[in-house]
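Hi everyone, thanks for making time for this. Let me put the structure up so we can go through it together.

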Amino acid sequence: MDTKHCAIDGWVDAIPVPGPRDTVIFDLVVRPADIDALADDAPDTVITCTSGDPRITHELLNGIQPGDLLRATGTLVRPPTPGEPARLTVDALEVLDTALVPVLREMVLDRYGDYVVIFDADTDAVPVFTANGTWVGLADNPDAIATLIDIHERVNGGDA
């Protein structure tokens, strides 16, 4: 196997996940420095990274989100077969830039005990249903959800 010690700058593709034996696994999306010379539809390079260092593992599992720009330093191993991602065993990690706080652009369902609410980024009003689908009402804003649920439980004897 061909290995090389190097530093790679790339964006975190997805939330890092715990791996076997107290490790963490994550993917970095790497773009070449001469990106303007490539075709618009050229694929990104994805490097699968892993680390067993407790400090790095903790940071990746608790402080990193998709879109963060990282510099990962470690041992790069070429894939055994073409088409598979290269693997980097990380022994040093630096956060170069953080991703913006995600803004909700679509509807999101959330659960309040026996109730389900639907948040829509385009409006402050929040539809509220019971978990079995019975209409409860429309809260004027997220702060009014608890009041609407409380009124529904008083009127209906506390059963959702």
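I'll talk about one sheet, then a residue within it, and then the cysteines.

Please keep in mind that this is a predicted model. Let's start with the sheet: four strands, open, in the order 7-8-9-10, with antiparallel pairing. At the edges we have strand 7, residues 108-112, and strand 10, residues 135-139; each has a single partner strand, so one side of each is left without a neighbour in the sheet. On average, neighbouring strands here are turned by 25° against each other, direction ignored.

Now look at strand 7 and strand 8, the latter covering residues 115-119: they pair in the antiparallel sense over five bridges. Tyr 112, for instance, has Tyr 115 in strand 8 as its bridge partner.

And what lies across these strands? Helix 2, residues 145-155, lies across strands 7, 8, 9 and 10, and runs at about 150° to strand 10.

Let's zoom in on Val 116, which sits in strand 8. Beyond its neighbours within four places in sequence, Val 116 is in contact with several residues, including Leu 109 and Arg 111, as well as Pro 127 and Phe 129. Its C-alpha atom is 8.3 Å from that of Gly 133, and these two residues are 17 apart along the chain.

Last stop, the cysteines. How many disulfides does a search of the whole structure find? Zero. For Cys 6, the closest cysteine sulfur is in Cys 49, 9.4 Å away, and that is too far for a bond. Cys 6 counts as buried, at 16% relative accessibility, and Cys 49 is buried too, at 0%.

Thanks, and I'm happy to take questions.

Technical notes: Residues are numbered from 1 along each chain as its sequence is written. This is a predicted model: local features need pLDDT of at least 70, side-chain atom pairs count only at pLDDT 80 or more; totals for chains, interfaces and linings use all residues. Side-chain values use heavy atoms; hydrogens and water are left out. Two strands pair if DSSP finds at least two bridges between them. Helices (H or I, at least four residues) and strands (E, at least two) are DSSP runs, numbered from the N terminus. Axes are lines fitted to C-alpha atoms, for helices over the stretch in contact, and angles run from 0 to 180 degrees between N-to-C directions. Contact means heavy atoms within 4.5 Å. A disulfide is a pair of cysteine sulfur atoms within 2.5 Å. Buried means under 20% relative accessible area, exposed over 50%, partly exposed in between (1.4 Å probe, protein chains only).
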